[in-house]
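Q: Could you take a close look at one part of this fold for me? I'd like the strands and what packs against them, and then the helix pairing.

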Amino acid sequence: MASRRLVTFICSIAFAIYFFVIIFQVPLFGVPCRCGICKTPLQLISSHLIASEVFPHFIVKSLLYPGALTTEFYNQKATPSYKNVLKSYNFNTREFSFVLDLQCLEVIVGSYLSVAGAITGLIRPGRMSIFGIAFLVYGVGRLSQMEIEQLSDLTCIRMYPAMNIALFSALFSLNFCTCTMLGISNVLWTDASTRGIVQKFLATGPFNVEFGKSVVKMGNIELKTAIDGEICRKCSVLN
């Protein structure tokens, strides 16, 4: 019972952090959009909703206003009015290529999923949030490696450190992910064969470097299928 309460508490805190990051528009990335450079999923989807004229403007204003309040408060400026909130973002003031829109498709899809996950998560957090962040990470990473003719300055494409917060908060907002992480952590700490490794990381601290090396090692593991091996359907049972 205590462990279940702990998991529920962690998931609730994680989703609250994720909701704050998405709805209050903490900068996660930088990609070209119809208002210049969009730094949050809400800015990106709002530019598309206004351009498509599918949704009424008051819906877009309602989505953008909490973030506009936070931005003005952080910059110590006057509180923006709800009526003029769209003018502060300068939507549709920049010529935008549909080819560039297609090249940013993963980021656009990820933005829609991220915002939808934050809103529907008020009822029950689901996988939509983590899928959205995964699309964003992949899309921004792919854009940074591309040569885009429509952009003269590719340095505008970037990923901010807050993306890590959004990723882990979306991950830990799911019950089964939190249970799995707690179970793995418990085994690593209580097992005598792995406890020394955990203590080593706690003492030295080069977690990012060692984690990157381990990911490379795992990526070099060949998948054995067909005549070369068998697919393990249950990790706890040998074939």
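A: Helix 2 (residues 41-52) lies across strand 1 and strand 2, and its direction is about 15° from that of strand 1. Keep in mind that this is a predicted model. The sheet underneath is an open one with 3 strands, ordered 2-1-3 and paired in the antiparallel sense. That leaves strand 2 (36-38) and strand 3 (158-159) as the edge strands, each pairing on one side only. Strand 1 (residues 29-33) meets strand 3 through 2 bridges, again antiparallel. If you want a spot to zoom in on there, try Phe29, which sits opposite Met159 of strand 3.

Now for the helix pair. Helix 5 (residues 105-120) and helix 6 (residues 128-145) have axes that come within 7 Å and cross at roughly 155°. Anything over 145 degrees counts as roughly antiparallel, so that's the label for helix 5 and helix 6. The crossing itself is left-handed. On the helix 5 side, the contact includes Val107, Val109, Gly110, Leu113, Ala116 and Gly117. Helix 6 answers with residues including Met128, Phe131, Ile133, Phe135, Leu136, Tyr138 and Leu143. Sort the residues of that contact by type and you get 13 nonpolar, 7 polar and 2 charged. Glu106 of helix 5 and Arg142 of helix 6 are also among the contact residues, and both residue types count as charged.

Terms used:
Residues are numbered from 1 along each chain as its sequence is written. This is a predicted model: local features need pLDDT of at least 70, side-chain atom pairs count only at pLDDT 80 or more; totals for chains, interfaces and linings use all residues. Side-chain values use heavy atoms; hydrogens and water are left out. Axes are lines fitted to C-alpha atoms, for helices over the stretch in contact, and angles run from 0 to 180 degrees between N-to-C directions. Helices (H or I, at least four residues) and strands (E, at least two) are DSSP runs, numbered from the N terminus. Angles under 35 degrees count as roughly parallel, over 145 as roughly antiparallel, 65 to 115 as roughly perpendicular and the rest as oblique. A crossing is left-handed if the near helix is turned anticlockwise from the far one by less than a right angle, and right-handed if clockwise. Contact means heavy atoms within 4.5 Å. Two strands pair if DSSP finds at least two bridges between them.
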